[in-house]
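Work through the exercises below with the sequence and the structure at hand. Each task is followed by a solution in steps.

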Amino acid sequence: MKLAPSILAADFARLGAQVAEAERGGADRIHIDVMDGHFVPNLSMGAPIVASLRPVTRLPLETHLMISNPDLFLQEFAESGSDSFLVHWEGNFNLHRTVQSIRALGKRAGVAINPATPAAVLEEILPDVDQVLVMTVDPGFGHQRFLHSTVAKIGRIRQMIDRVKHDCDLEVDGGIDSETAKLCVEAGANVLVAGSSVFGTNKSVPEAMNRLRAGRE
Ligand code: DX5
Ligand code: ZN
């Protein structure tokens with residue numbers, strides 16, 4: 001099981017230090033949430049954050065694009081140091097083209113689906129991707145409550161991945177704490193994105209990550 005701390009919940013005044021703490025805690029990758037106030041009703045960060053983090057960590061920088069036209073920004077993020085992209089199925093009429101553009105930049109490609117989107121939409125694109133991201137909350141904000149209705153879908157996608165693309169990561173994002181992490185892993189997830197349960201607790205970041213792994217509050 002891999003951990004991808006989301007810096008959305010980090011202290012931005014000490015972002016480099018927070019990422020270093022996550023690295024010390026054994027993070028597998030750093031998850032960067034990009035929001036445009038249009039695809040989701042919130043704003044967050046852009047490529048300059050990726051460029052600032054690139055020289056201060058060896059961890060892969062995973063870029064979750066919650067924006068209306070991801071194709072316009074892929075190159076800028078790639079040049080800034082993004083190693084992988086998660087793009088949404090929702091609202092993308094040319095998803096295959098977007099995925100091919102990511103691959104042409106030499107980056108890992110992942111497709112994200114929202115809670116109300118059925119697993120079946122992944123069937124055709126799965127052979128082309130390295131990661132699937134199941135949103136376990138509606139995207140746009142950190143610190144939301146995990147939607148239990150997504151657990152059965154994680155199981156269905158695990159079966160699909162085992163059948164079609166067994167080396168594809170199955171990642172979950174939103175409301176992941178030690179309890180919900182366990183449910184997701186049991187259902188077949190192998191990568192956990194976590195923001196507030198890593199950066200927003202009264203424990204140190206490495207300790208919070210250990211608790212998440214161990215399934216303890
Ligand atoms: C939500 C983002 C998540 C967010 C998760 O739209 O995609 O990555 O940071 O935050 P928590 O872990 O607090 O739910
Ligand atoms: Zn995210």
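**Exercise 1.** In this predicted model, decide whether His 64 and Asp 173 are buried or exposed, and state which ion they help to coordinate.

Solution.
- Step 1. A residue counts as buried when its relative accessible area is under 20%. Both His 64 and Asp 173 are buried.
- Step 2. His 64 (through ND1) and Asp 173 (through OD) coordinate the zinc ion (ligand 2), as do His 31 (NE2) and Asp 33 (OD), at 2.0 to 2.3 Å.
- Step 3. His 64 is in strand β3 (residues 61-66) and Asp 173 in strand β7, so these two donors tie together parts that lie 109 residues apart in sequence.

**Exercise 2.** Determine what arrangement the donor atoms around the zinc ion (ligand 2) form, and how the donor residues are spaced in sequence.

Solution.
- Step 1. There are 6 donor atoms around the zinc ion (ligand 2), and they subtend angles of 71 to 169°.
- Step 2. Six donors count as octahedral if opposite donors are over 155 degrees apart and all others between 65 and 115.
- Step 3. The arrangement around the zinc ion (ligand 2) is octahedral because of these angles. For comparison, ideal angles for six octahedral donors are 90 or 180 degrees.
- Step 4. The spacing of the donor residues along the sequence is H-x1-D-x30-H-x108-D.

**Exercise 3.** Find the residue that forms a salt bridge with Lys 2, and describe where the two partners lie.

Solution.
- Step 1. The partner of Lys 2 is Asp 169, with 3.4 Å between the closest N and O atoms.
- Step 2. Lys 2 belongs to strand β1 (residues 2-5) and Asp 169 to strand β7 (residues 169-173); the pair links distant parts of the chain, 167 residues apart.
- Step 3. Lys 2 is partly exposed at 30% relative accessible area, whereas Asp 169 is buried at 6%.
- Step 4. Lys 2 and Asp 169 also belong to a network of salt bridges that includes Arg 29, Glu 62, Arg 108 and Glu 171.

**Exercise 4.** State how many salt bridges the whole structure holds, then examine the pairs Lys 165 with Asp 167 and Glu 207 with Arg 211.

Solution.
- Step 1. The search of the whole structure gives 12 salt bridges.
- Step 2. Lys 165 and Asp 167 are joined by a salt bridge of 3.7 Å from N to O. Lys 165 is buried at 15%, while Asp 167 is exposed at 52%.
- Step 3. In the salt bridge of Glu 207 with Arg 211, the closest N and O atoms are 3.9 Å apart.
- Step 4. Glu 207 and Arg 211 are separated by about one helical turn, because they stand 4 residues apart in helix α8 (residues 205-214). Glu 207 is partly exposed, at 35%.

Key: Residues numbered from 1 in each chain as written. Chains lettered and ligands numbered in written order. Predicted model: local features only at pLDDT ≥ 70, side-chain atom pairs only at ≥ 80, totals over all residues. Heavy atoms only, no water. Salt bridge = Lys/Arg side-chain N within 4 Å of Asp/Glu carboxyl O. Buried < 20%, exposed > 50% of the residue type's maximum accessible area, 1.4 Å probe, protein only. Donors = N, O, S within 2.8 Å, 3.2 Å for Na, K, Ca; no water. Tetrahedral: all angles 85-135°; square planar, octahedral: opposite > 155°, others 65-115°.
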